[in-house]
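The following account leads the reader through one protein chain, moving from a single strand outward to its surroundings. Please keep the sequence and the model in view while reading.

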Amino acid sequence: MAATTRFLVAGDTGGDLARLFARVGAVNAKHGPFAFLLCVGDFLGAADASAAALAPYLSGDAAVPLPTYVLASRPGEPDPALEAAGPGGELAPQLFHLGSAGVAELSGLRVAYLSGGGGGCSVDPAAVGELRAAAGGAGFGGVDVLLTCAWPRGFYLKLDPSSLPADLLPDKDLPEVGLEEVAELAVKLRPRYHFCGGEGAFWQRPPYRLDARSHACRMVGLSRVQEDKKQTWLKAFGMVPQAALGGAVPAQPEGTTDCPYPYAALAAGGGGGGGERRGERAAKRQREEWVTDGRGWIAEQCWFCTSSTQFESHLVTSVGDEAYLTIAKGPLVPHHSLLVPVAHKSSSLDLSAAEAAEVRSYISAVRRCFAARGESVSVSVTHTCGGRAHTRTHTLHTSGSGA
């Protein structure tokens with residue numbers, strides 16, 4: 001039987017390294033040995049205080065008890081210590097900065113990570129793109145662990161509302177918690193465990209599945225490192241690396257739910273998670289295979305959401321990775337069409353780099369199509385139906401064109 005890798009995971013440290021490593025050292029001595037410690041969320045705290053936090057570990061006055069791997073919570077606010085170490089670099093003996101995004105192998109486990117997104121910050125689109133590319137690579141079979149500084153948007157869906165703890169983020173509106181990009185990557189990277197920080201609360205979601213044949217994923221949010229012993233900010237885990245399973249898929253435990261994120265249907269076929277790979281022609285999608293936006297509070301109001309009872313898939317003419325093209329239900333002119341992001345976005349400014357690029361690609365394709373017929377295309381961006389952004393295209397006859 002393959003060996004189990006045992007490791008620890010901690011939430012936002014916020015620069016309180018002394019408290020973190022004192023607890024980790026005690027747990028490792030009593031219950032270890034553990035292979036390593038993973039830290040999600042904000043590790044060093046304020047940039048101007050990071051040097052002081054690291055000083056005892058650089059001088060040798062204090063020691064990191066086991067190999068520790070950390071993220072940068074706020075990529076838009078450069079931290080001198082993290083910049084000096086660089087991606088994969090050593091902050092102090094046995095203390096390593098993973099970087100902005102990537103996939104690393106730690107004691108046999110494949111660990112994907114994404115920095116940024118903590119404290120209401122955004123994530124770097126280039127970093128998200130790097131992980132999308134990794135998930136779309138040939139032979140990609142998923143990762144063992146995903147680390148993020150933010151929770152995934154829609155994490156609580158597919159659960160009975162009565163099962164949610166009353167004290168789960170009581171000061172926040174759950175539909176607004178987390179990031180869409182993190183939810184997307186939680187599907188495309190196919191992790192077995194997803195650890196996240198940034199909300200200052202501990203909650204372990206019941207496992208969910210991407211499809212009936214896949215392994216289950218467990219999402220775990222960790223609290224901040226603090227004195228209050230009622231707050232869970234350090235947890236121990238053990239798992240056999242996926243590579244050592246020989247293709248075997250662990251049974252889905254009792255209580256496993258459907259995936260809460262609206263990207264699951266697109267990822268059901270494998271690593272790409274966003275439809276066909278570039279350069280390949282995919283079979284026509286059937287209606288039941290369409291991505292379902294599980295965010296019911298949106299789908300009930302938006303007829304562009306594919307899970308809406310008002311969604312009319314027979315009008316759709318093309319489905320891409322990030323957007324789809326559909327004939328307007330009430331066309332103003334012949335060939336009036338709408339270009340709609342798959343994920344519900346309230347503004348074109350909210351589009352990810354990949355979504356914006358695909359929208360531009362669609363517009364160019366529509367222009368070329370009608371230019372060949374002697375027609376030009378008028379393009380406008382509008383918002384309707386619960387504040388959803390979409391792009392309208394109208395054909396205009398040019399001089400000399402037929403009626």
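A suitable place to begin is Phe195, which lies in strand S9. The model is a predicted one, and every value below is computed from it. With a relative accessibility of 0%, Phe195 counts as buried, because the limit for that class is under 20% relative accessible area. Setting aside neighbours within four places in sequence, Phe195 is in contact with Phe7, Val9 and Val40, with Val145, Leu146, Leu147 and Thr148, and with Val220, Leu222 and Phe237. Trp151 is 44 residues away from Phe195 along the chain, yet the C-alpha atoms of the two are separated by 8.5 Å.

His194 also has its place in strand S9, which covers residues 193-196. This histidine likewise counts as buried, because its relative accessibility is 0%. Residues up to four places away in sequence not being counted, His194 touches Leu146, Thr148 and Pro152, then Val182 and Ala186, and finally Cys217, Arg218, Met219 and Val220. Leu146, Thr148 and Val220 appear among the contacts of His194, and these three residues are also listed for Phe195.

Two of the residues touched by His194, Val182 and Ala186, are among the buried residues of helix H5. Helix H5 spans residues 180-188, and it is mostly covered, with eight of its nine residues buried. The buried set includes Val182, Ala183, Leu185, Ala186 and Val187, together with Glu180, Glu184 and Lys188.

What backbone feature is found just after H5? There, Arg190 takes a positive phi of about 50°, although Arg190 is not a glycine. This arginine is found in the loop between helix H5 and S9. Arg190 is classed as buried, because its relative accessible area is 12%.

Helix H5 also leads to the nonpolar interior. The largest nonpolar core has 38 residues, and those with the most contacts inside it are Leu114, Trp151, Phe155, Leu169, Leu189, Trp203 and Tyr261. Strand S7 (109-114), helix H4 (125-135), H5 and strand S12 (216-221) are the elements that give two or more residues to this core. Helix H5 supplies the largest share, five residues. Another core lies apart from this one; it has 27 residues, among them Ala53, Leu82, Val225 and Trp233.

Ala53, a member of that other core, also takes part in a contact between two helices. H1 and helix H2 (residues 50-59) pack with their axes 10 Å apart, at an angle of about 45°. H1 is therefore oblique to H2. In this contact, Leu17, Ala18 and Phe21 of H1 meet Ala53, Leu54 and Tyr57 of H2. The contact residues divide into six nonpolar, no polar and no charged.

The loop between helix H1 (17-31) and strand S2 (37-39) holds Pro33. Gly32 and Pro33 are joined by a cis peptide bond, with omega about 10°. A further backbone feature is found at Gln94, where phi is near 70°, a positive value in a residue other than glycine. Gln94 lies in the loop between strand S4 (90-92) and strand S5 (95-97). Is Gln94 buried, exposed or partly exposed? Gln94 counts as partly exposed, because its relative accessibility is 32%.

The tour ends with strands S15, S16 and S17. Four of the five residues of strand S16 (residues 323-327) are buried, so S16 is largely enclosed by the rest of the structure. Strand S15 (residues 316-319) pairs with S16 in the antiparallel sense over three bridges, and a hairpin joins the two through three residues. Within this pairing, Val316 has Thr326 in S16 as its bridge partner. Strand S16 is also joined to strand S17 (residues 337-341) by five bridges, and these two strands run antiparallel. Here the bridge partner of Tyr324 is Val340 in S17.

Note on methods:
Residues are numbered from 1 along each chain as its sequence is written. This is a predicted model: local features need pLDDT of at least 70, side-chain atom pairs count only at pLDDT 80 or more; totals for chains, interfaces and linings use all residues. Side-chain values use heavy atoms; hydrogens and water are left out. Buried means under 20% relative accessible area, exposed over 50%, partly exposed in between (1.4 Å probe, protein chains only). Contact means heavy atoms within 4.5 Å. A nonpolar core is a set of buried Ala, Val, Leu, Ile, Met, Phe, Trp, Tyr and Cys residues joined through side-chain atoms within 4.5 Å. Two strands pair if DSSP finds at least two bridges between them. Axes are lines fitted to C-alpha atoms, for helices over the stretch in contact, and angles run from 0 to 180 degrees between N-to-C directions. Angles under 35 degrees count as roughly parallel, over 145 as roughly antiparallel, 65 to 115 as roughly perpendicular and the rest as oblique. Ala, Val, Leu, Ile, Met, Phe, Trp, Tyr, Cys and Pro count as nonpolar, Asp, Glu, Lys and Arg as charged, and the others, Gly among them, as polar.
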